[in-house]
Amino acid sequence: MTYEQIFLFSLLGLVFVFLVWGRVRYDLVAFAALVIAVAGGVVPTEQAFAGFGHEAVIIIALVLIVSRAMVNAGAVELVARFVLSAGRSLSTHIGIMSVVGAALSAVINNVAALVMLMTLDMEAAEKAKRPVAQSLMPLSFATILGGMITLIGTPPNIVVAQFRERALGAPYSMFDFSPVGLACAVVGIAFVTTVGWRLIPDTGQHAALGEGGDTGLFVAEASVKEDSKAIGQSPSALYPLADKCDVSILGLVRRGKRLPGFAASEEIRKNDHLVLEGDPKSIESFIGAAELSPAGADKHGGLTGKSLTLVEAIVPDNARMAGRTALDLRLLYRRGVTLLGVSRQGKRFRERVRNLAIKPGDVVLLLGPESRVADAAEWLGVLPLAEKSHTVIQRSKALFTVAVFAVAVAAAVMGFVPLAVALAGAVAVYALFSVVGAREVYEAVEWPVIVLLGSLIPLGLALEESGGTRLIAEAIVAQAGALPAWAILAILMIVTMTLSDFLNNVATALIAAPVGLSVARALDVSPDPFLMGVAVASSCAFLTPIGHKNNTIIMGPGGYRFGDYWRMGLPLEMIIIAVGVPAILFFWPL
């Protein structure tokens, strides 16, 4: 072996050890490896940071921003309203959630799809009084499976597609992954729905959406818009919808005065205000379902204006807000923020929210653009609670957001513009129409993944150019002996899948894609089956909580241990190999 090969194999071996060890962030490990490679002379100085401008890096960043826009616009909520029900059997619930999760993962990033559906799944588990662990892992696995269906569903597909363009002159298109990915997803979802969830051990963890510093129920107000379907109805007629959203309707405000009692039989009129009690998410959900408007939202440009955020904050003794009302403080006029609700140890009060004197220890619910809410919280002297921020869904923009995304995808599929340019155009439109704010554009991007990818791309190129990937391929072919090509493909997928269980799936795809190409050339067959095999196997990390971020996200809420994943994950990986190999060879012949 040459000096470059020895150096790179040793360096990548250290990277593997540190990534499995997990004590040092993977982006720092990758960037340090890049610096060492440049210092060692195996990566030319002029190519050191070329990976950060690679098209795969750009596409992954843009997909994450598009995913945030879909969340902000409530595109998922259009579907979610029909899938959440505590009355269904567990198998039916898992099946429906898995299909929806896989479908969403095909068009947005699979991590974003899981995050959006996980709360719904936990709500269903809480209402059904069953362990959330029984359904969270199947949902996570389903979103991973769904990501394999399209180019933009999961980063490994993007990495493999861009590698094919560099190696063979043309990338994979948006739906080239669909036949194989769909076959694997259908069979995989059927397994987790019927058999897989039964293999999950009882963790004793029940859905507890209010744990971890829950601040109790808020009393809030919502105004009746001109086009609201609540007009002409009575508050009692809205009780079923309120129950569904876990909200209580406490009364009605008209012309600035609270009507006596609960005003249950009073006819609701335009510009009335409904007094609500519930947690922030439930209140926001009811406001959207009843076509109401958060009090003061019109001053923020309404839900068609800037992206709004709900933030919970506790009022300390020395706060400027203590002892004063929102009206006294002229909060909306001075700071562009609305006091939407107040929580006071479960106590109800008849004063209007804006006229209520705030006491130390109260928890307030502030509504406004994210930057203004942060500034207002500092000015008021209140303390925002960590992880108690809720994006206000811009439901009126849902269809617009989906239409813009569909146009971008269609333009890329028909070859009018490259995918990166099409997605960039969609992001620009979203920013222009405030579907995502300027700050959200940057917050949506998972920068550690970007650094990881930008750092490893030059290392992968160096390994390939030094002949290192060819040596690995020759070793695989030599060990496989006289086995047929399909068996070698299966071996490559098993090795790649095993690596993905312990490495980041992007890192696995970067390392395995050149090896797959070299194996195909050594066998003198088409490289497409082997590249497709790498894409499938890189995405399928079901044995551990560290192989895929989705598995990591559910670990805490589900109460899972490290060793719980393989019980359902191992048979699922075996099924993917059994289904994936023949499907690849059928749609991508040798």
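These are my notebook entries on a predicted model, covering its cores, its charged pairs and a few loop residues.

**Entry 1: the nonpolar cores**

I began with the inside of the protein. The largest nonpolar core has 139 residues. I looked up which of its members have the most contacts inside it, and found L423, Y430, L453, L459 and I576. Helix α3, residues 55-72, gives this core its largest share, with 12 residues. A second core, separate from that one, holds 29 residues, and L252, L259, I268 and L276 are among them.

Then I picked L459 for a closer look. Which residues does L459 touch, leaving aside those up to four places away in sequence? My list reads L8, L11, L12, A33, L34, A37 and V43.

**Entry 2: salt bridges**

Next I turned to charged side chains. How many salt bridges does a search of the whole structure find? The search gives 6.

I started with R164 and D528, whose side chains form a salt bridge with an N to O distance of 2.7 Å. R164 belongs to helix α8 (residues 155-168) and D528 to helix α22 (residues 528-539), so this pair links distant parts of the chain, 364 residues apart. Are these two partners buried or exposed? R164 is buried at 14% relative accessibility, and D528 is buried too, at 10%.

My second pair was R352 and E221, which also meet in a salt bridge at 2.7 Å, N to O. Here I noted that R352 is in the loop between β7 (338-343) and β8 (363-369), while E221 is in strand β1 (residues 218-223). They are 131 residues apart, and they too link distant parts of the chain. R352 has a relative accessible area of 8% and is buried; E221 is buried as well, at 5%.

I added two more notes on charge. R561 forms a salt bridge with D564, with 3.6 Å between the closest N and O atoms. D564 counts as buried, at 2% relative accessibility. R254, E266 and D272 are joined in a network of salt bridges.

**Entry 3: a buried arginine without a salt bridge**

R130 caught my eye in the loop between α6 (110-128) and α7 (133-146). R130 is buried but has no salt bridge. Why does D121 not count as its partner? D121 is the nearest side chain of opposite charge, but it is 4.3 Å away, and a salt bridge needs a nitrogen and an oxygen within 4 Å, so the pair misses the cut-off. What does the side chain of R130 contact instead? I found a polar contact with the side chain of S135, at 3.0 Å.

**Entry 4: two positive phi angles**

Last, I checked backbone angles. Most residues other than glycine have a negative phi, which made me look for exceptions.

N271 is one of them: its phi is positive, about 75 degrees, and it is not a glycine. I placed N271 in the loop between β3 (257-258) and β4 (273-278). With a relative accessible area of 53%, N271 is exposed.

R330 is another, with a positive phi near 50 degrees in a residue other than glycine. R330 is in the loop between α12 (326-329) and α13 (331-335). I looked up its accessibility as well: at 42%, R330 counts as partly exposed.

Definitions and conventions. Residues numbered from 1 in each chain as written. Predicted model: local features only at pLDDT ≥ 70, side-chain atom pairs only at ≥ 80, totals over all residues. Heavy atoms only, no water. Helix = DSSP H or I, 4+ residues; strand = E, 2+ residues; numbered from the N terminus. Buried < 20%, exposed > 50% of the residue type's maximum accessible area, 1.4 Å probe, protein only. Lys, Arg positive; Asp, Glu negative; His and termini not counted. Polar contact = N/O pair within 3.5 Å; in protein donor to acceptor, adjacent residues only side chain to side chain. Core = buried A, V, L, I, M, F, W, Y, C linked by side-chain atoms within 4.5 Å. Contact = heavy atoms within 4.5 Å.
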